[in-house]
Amino acid sequence: MSADPARFVVVGQGYVGLPVAMRACEVGLDVIGFDVDKERVELLTRAKSFIDDVDDARLAAALATGRYRATSNHRELSGFDHASVCVPTPLHDGAPNLRCIEDAARMLSTHVTPGCCVVLESTTYPGTTEEVFAPILEAGSGLRAGTDFHVGYSPERIDPSNPTWKFHNTPKIVSGVNQTSLDAIRRFYDRLVERTVPVPGTREAELAKLLENTFRHVNIALVNELAMYSHGLGVDVWSVIDAAASKQFGFMRFSPGPGVGGHCLPIDPSYLAWQVRRSLGKAFQFVDIANAVNDRMPDYIVSRATEHLNRHHKSVNGSSILLIGLSYKANSGDARNSPAMAVAKHLHRLGADLRAVDPLVAAEEVPLHVRLVPLDAAEVSRSDLVIVLTDHDVLDWALLEPHADHVLDTRNRLRDAKVERL
């Protein structure tokens, strides 16, 4: 391997892997973006992006350099200096499903050469890198991790649609199975990001990622439960949060909403709880409570919608309900595990006539029982109830207040006094 790494393989070209590949190409590396999804590879080859953080122009620019190529052919991965694995790690029956990590390791193992570096970025439980990932690489290559080649863990910190924090300027945690691997991995990521943060070992890096998301999950659950009880007590929870956030120390602002979504929060804390239960026989009570609170938020929103309609002598069954936003977060088209989708599903079961406004979510992601419509005065006026679930900035919010008689705002986007808030 040359002293100046040039050939970089990124396994997985989704929300995590594609931004990594683009950045590597932009700093001058020769990048192979591998994905098992042939349709996704075809789109990438035609400079058609499917994620928020990489637009078509940026992808086209990378392709034009000749330094980025997307493929689903594992034979094209040979000769890499560095490889990064950015594949999904879903839950299956409450337990981590590492199939994609294992498949990626087996595929890469046949291309591992002395001196190369392989890094796992997928979120997982402590011990995965050394107990699962590295042994597969060793078995397929006949080489020893940490001695013949470098192995480590560097958790992804991608926040889709975040206008400030991108891959290159978000501090990057790095770790290795030994000091030699850590040094090699840190040198590599120093080329891609502004600051690397070395930690003692891969388990510390794996757990740090789970702590980050568990912290968010628990605090969102706290304000979600506070919102439910504040409503019952006749207190405006948003005023309470605003007041508390005026304290410049000892408090961090979190906002309630219809639940949590995306790939991280509904899944990552459960990885931690599963590992604690498996290894120590203990329940991680904070995670269990947070899961219970956040999981029931879509049901709570539906109950609030039902109460609202009942007060106006209407039932959910047969009512025309307009949902504003279907993705899991503002300014993103990512609908994975979206609580808005869960709300829609529950309302459909109760017989609601559902329409939705979301210009960022792809039509094929929208359930058949929900009809996508434009945000205009006619659609708003004909609705028995408008429910704000995702507050995209691109929407014309000025249309809602003058034309909607009944609004349930779960995001505190509207300021009209007649709007009912979470």
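# Exercises on loops, rings and a helix contact

S161 lies in the loop between β8 (150-153) and β9 (172-176); elements are DSSP runs numbered from the N terminus, helices being H or I runs of at least four residues and strands E runs of at least two. The model is predicted, so local features need pLDDT of at least 70 and side-chain atom pairs count only at pLDDT 80 or more, while totals for chains, interfaces and linings use all residues. Residues are numbered from 1 along each chain as its sequence is written, and side-chain values use heavy atoms, with hydrogens and water left out.

## Exercise 1

Task: Determine the sign of phi at S161, and decide whether S161 is buried or exposed.

Solution.
1. S161 is not a glycine, yet its phi is positive, about 70 degrees.
2. The relative accessibility of S161 is 16%, so S161 counts as buried (buried is under 20% relative accessible area, exposed over 50%, partly exposed in between, with a 1.4 Å probe and protein chains only).

## Exercise 2

Task: Carry out the analysis of phi, location and burial for N412.

Solution.
1. N412, a residue other than glycine, has a positive phi near 60 degrees.
2. The loop that holds N412 runs between β15 (407-409) and β16 (420-421).
3. With 11% relative accessibility, N412 counts as buried.

## Exercise 3

Task: Describe the geometry of helices α5 and α7 and list the residues that make their contact.

Solution.
1. Two packed helices are described by the angle between their axes and the distance between the axes.
2. Helix α5 covers residues 128-141 and helix α7 residues 202-233; their axes come within 9 Å and cross at roughly 110 degrees. Axes are lines fitted to C-alpha atoms, for helices over the stretch in contact, and angles run from 0 to 180 degrees between N-to-C directions.
3. This makes α5 roughly perpendicular to α7 (65 to 115 degrees; under 35 is roughly parallel, over 145 roughly antiparallel, and the rest oblique).
4. On α5 the contact uses T128, T129, E130 and E131, and on α7 it uses T202, R203 and E206 (contact means heavy atoms within 4.5 Å).
5. The residues of this contact divide into no nonpolar, 3 polar and 4 charged. Here Ala, Val, Leu, Ile, Met, Phe, Trp, Tyr, Cys and Pro count as nonpolar, Asp, Glu, Lys and Arg as charged, and the others, Gly among them, as polar.

## Exercise 4

Task: State how many aromatic pairs the structure has, and classify the pair of Y125 and W274 and the pair of F188 and Y189.

Solution.
1. Searching the whole structure gives 4 aromatic pairs. Rings of Phe, Tyr and Trp (its six-membered ring) pair if their centres lie within 6.5 Å; planes under 30 degrees apart are stacked, over 60 edge-to-face and the rest tilted.
2. The ring centres of Y125 and W274 are 5.0 Å apart and the planes stand at 50 degrees, so this pair is tilted.
3. Distant parts of the chain are linked by this pair: Y125 is in the loop between β7 (117-120) and α5, W274 is in helix α9 (residues 268-280), and they are 149 residues apart.
4. Y125 counts as buried, at 5% relative accessibility.
5. F188 and Y189 form an edge-to-face pair, with 5.2 Å centre to centre and 70 degrees between the planes.
6. F188 is buried at a relative accessible area of 4%, and Y189 is buried at 0%.
7. F8, F188 and Y189 make up one aromatic cluster.

## Exercise 5

Task: Find which residue lies over the face of Y189 and which lies over the face of Y15.

Solution.
1. Over the face of Y189 lies K172, 5.0 Å from the ring centre. For such a placement, NZ of Lys or CZ of Arg must be within 6 Å of the ring centre and within 35 degrees of the ring normal.
2. Over the face of Y15 lies R336, 4.4 Å from the ring centre.

## Exercise 6

Task: Give the location and contacts of V16 and of H168.

Solution.
1. V16 sits in the loop between β1 (7-11) and α1 (17-26) and counts as buried at 16% relative accessibility.
2. Neighbours within four places in sequence aside, V16 contacts C86, E121, E156 and I158.
3. V16 and P126, 110 residues apart in sequence, are 20 Å apart C-alpha to C-alpha.
4. H168 is in the loop between β8 and β9 and is partly exposed, with a relative accessible area of 29%.
5. With neighbours within four places in sequence left aside, H168 contacts R23, L192, V193 and E194.
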